[in-house]
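Okay, thanks for coming, everyone. Let me put the structure up and we'll walk through it together.

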Number of protein chains: 2
Amino acid sequence: MMTFEHLLASRTCHMEASAVREILKVATAPGVVSLAGGLPAAESFPLEIMEELTGTVLAKYGSKALQYDASEGFGPLREALVPHLAARGVATSAGNVLVFSGSQGVLDGVGKILISPGDVIAVEAPTYLGALQAFNPYEPRYVQIETDDDGLIPESLEQVLSTNPVKFVYLVPTFQNPTGRTLTLTRRKQVAEILKRHNALLYEDDPYSDLRYTGERVPPIKSLAPDNVIYVSTLSKTFAPGLRVGFCVAPEVIHHWLVIARQGVDLHTSTLAQALSAEYIAGGHLERQLPHILELYRPRQQAMLEALERHMPEDFRFTRPEGGMFVWVEAAKGMDMERLYHRCVERGVAFVPGKFFYVDHEDGLDTFRMNFTAADPETIDRAVGVIGEVIAESLTRV
Amino acid sequence: MMTFEHLLASRTCHMEASAVREILKVATAPGVVSLAGGLPAAESFPLEIMEELTGTVLAKYGSKALQYDASEGFGPLREALVPHLAARGVATSAGNVLVFSGSQGVLDGVGKILISPGDVIAVEAPTYLGALQAFNPYEPRYVQIETDDDGLIPESLEQVLSTNPVKFVYLVPTFQNPTGRTLTLTRRKQVAEILKRHNALLYEDDPYSDLRYTGERVPPIKSLAPDNVIYVSTLSKTFAPGLRVGFCVAPEVIHHWLVIARQGVDLHTSTLAQALSAEYIAGGHLERQLPHILELYRPRQQAMLEALERHMPEDFRFTRPEGGMFVWVEAAKGMDMERLYHRCVERGVAFVPGKFFYVDHEDGLDTFRMNFTAADPETIDRAVGVIGEVIAESLTRV
């Protein structure tokens, strides 16, 4: 029996199954309440308009909605994204917008065109796991930028850029995955200045900023240093992730090579999904749907924060994000949250141990990520209660 | 003004814009009849059932059709592909089918997990341009396998495998792009034996075998050497390319790493596109639509062959495929078909100069590819007539 194991490329050993996805497999077992995933609630999808939306799209674009299309993206969607982006602080034109197969597609594309083996990428600690997964096959090294409750610490960024040949910086500045933290406006201005001073390139990943439940919108770093930033967002949280539609606005050279690279990867994103997205935005559906999504998630987030307040030991710290999908918990020092994860799953509740969000898996052992968008308030309270019990038991045993 | 040119990865210089796509840009100018592309006819799409199909899918799968899903593919589509593949000579189970974002996605995935810089890939001469584009960023070297009217020459494959450390062989054995040639059954058996003897891996790209206008179906090489073959096909020619749904059946190790690699690339293919595809196959729509597609294309192919017979000089040779989308023309020795391409475009007709389908662009200067699926018979005859005139004029001048 041949295995072809010997044929694998050297880069393949740098790939690993997404820990989150592996954990989700246990988490989706019958009877398990999962606070582990990053799924939007099924109730957030505009299911009731999909058939009509399809009819409109087919009437409007006919066979064009089913045909091959340009790698840059479906024209009407690129047009529709211009005012959408402008309302979010990103001034651009249709020709400068690129559509990808989810924002994951942009991560892969940027990794592909920029990372030579051994190149240095600067990331927050902790950072988004999916970004590491996209970049890892291109064999970079990582340096970590320190963070606190206000997001990354500008002095740490300055120091990282001064002492390392950094290819690009990767950040999720708003409602970060996994911490839910948002970089303050003051710090964004500092970051913009630092980027400009170092002629540095920033990958600004912004999937969550539309999911704001309280407080005021903060402008993207792209608006403060437009020439230095690849701005990336998605319709996965405000329309439907199953369409796989993400998009970016990038500096010219990056834009040029992203288009060429993706011709080899998937030619282009599903034309039908793009046409539906164009109509969803241009037809005003997104603006009508968003308030419903916020009303759905706001009490869930509230329930999560109250449950943590009620069920976690006093010395535990957790973030209180104004939006997004996640809350980050720092347990008592020395606690092994991966070990407790398995005990919680036995009791029917799942979360994600925080170590998986660090470049070095020895970090963050005493942290964990909780999602609050995929379960209703009562379930959240009950599930956090179970985690609290498991933690209390483990403390008693020690 | 920063350009960030200096940040590009070393692999990026191995990427190039698809010549076909660049040529298509000219070819899609108003008034140009394009025999250059590889587009299915818009009339081949089941446009009239799309709204109903969407309704069925939403009723059946609800929000699941819009949610994140497994990287391996949407369960009902993987199930539906089992009898679909069996009818085409590939015996498998749903768990062994992987769905990708077009068959291009499989090319990228296989390139990513198998090709280390400098590795040798064996390809037909000429070969599918999109495969080269997918593999090039992973920096392989290519060796060419010789071909004749019956497809690749087994003795050449034997020699290539005996004298080179080949990572894998890439073939389009049925109605090849660009030549339209089909490897005979006798040769398929020889290829299967050679693969087994060398413990070699074959990438069998099979997008066209459903488009057979005359003659008998030939079994895929996968059916003759199942353990040695990654079998890849698509719904782009029999449903709609704008859905971006391709699929593969691969040996276990390859299957395993393809799943992990694509988690970083795009997570998964559009769930909605997959659900529509599942219903299109399982609901019997594909089997009902396919005869219409064949009836649409058969006279177009006939028109192309008759027009070539009528308008090309006597010493020109061209293939007479029993199916697919392309005919390959070998002009008189020494003729520069790229030069004539520009003259033809000035006269309002486009094709693809053959050199772009060779690893070495010095090869195939006197060849060109003609598509017959995207234009009606009268247009095809008129367009081939124009090409014939340009050729005749160039011969007179010499």
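I'll start with how the chains meet, then go to a pair of helices and a pair of strands.

One thing up front: this is a predicted model. So, the chains. On the chain A side, 68 residues are in contact with 67 residues of chain B. Which helices of chain A each supply at least two residues of that side? That'd be α2 (50-61), α4 (102-114), α5 (129-135), α8 (252-265) and α9 (271-282). Of these, α8(A) gives the most, with eight residues. If you sort the side of chain A that touches chain B by class, you get 35 nonpolar, 22 polar and eleven charged residues.

Next, the helix pair. Have a look at α6 of chain A, residues 154-163, and α7 of chain A, residues 185-197. They pack at an angle of about 15°, and their axes are 10 Å apart. Angles under 35 degrees count as roughly parallel, so that's what we call α6(A) and α7(A). The crossing of α6(A) past α7(A) is right-handed. Who makes the contact? From α6(A) it's P154(A), L157(A), E158(A) and L161(A), and from α7(A) it's R187(A), Q190(A), V191(A) and I194(A). By class, the contact has five nonpolar residues, one polar and two charged.

Last stop, the strands. β7 of chain A, residues 166-171, pairs with β8(A) in the parallel sense, over three bridges. Across from L171(A) you'll find E204(A) of β8(A). And are the faces of β8(A), residues 202-205, covered or open? Both are covered: L202(A) and E204(A) are buried on one side, and Y203(A) and D205(A) are buried on the other.

How values were computed
Residues numbered from 1 in each chain as written. Chains lettered and ligands numbered in written order. Predicted model: local features only at pLDDT ≥ 70, side-chain atom pairs only at ≥ 80, totals over all residues. Contact = placed C-beta atoms within 7 Å. Helix = DSSP H or I, 4+ residues; strand = E, 2+ residues; numbered from the N terminus. Nonpolar A, V, L, I, M, F, W, Y, C, P; charged D, E, K, R; others polar. Axes fitted to C-alpha atoms, helices over the stretch in contact; angles between N-to-C directions. Parallel < 35°, antiparallel > 145°, perpendicular 65-115°, else oblique. Left-handed = near helix turned anticlockwise from the far one by under 90°. Buried ≥ 20, exposed ≤ 12 C-beta atoms within 10 Å, placed from the backbone. Pairing = 2+ DSSP bridges.
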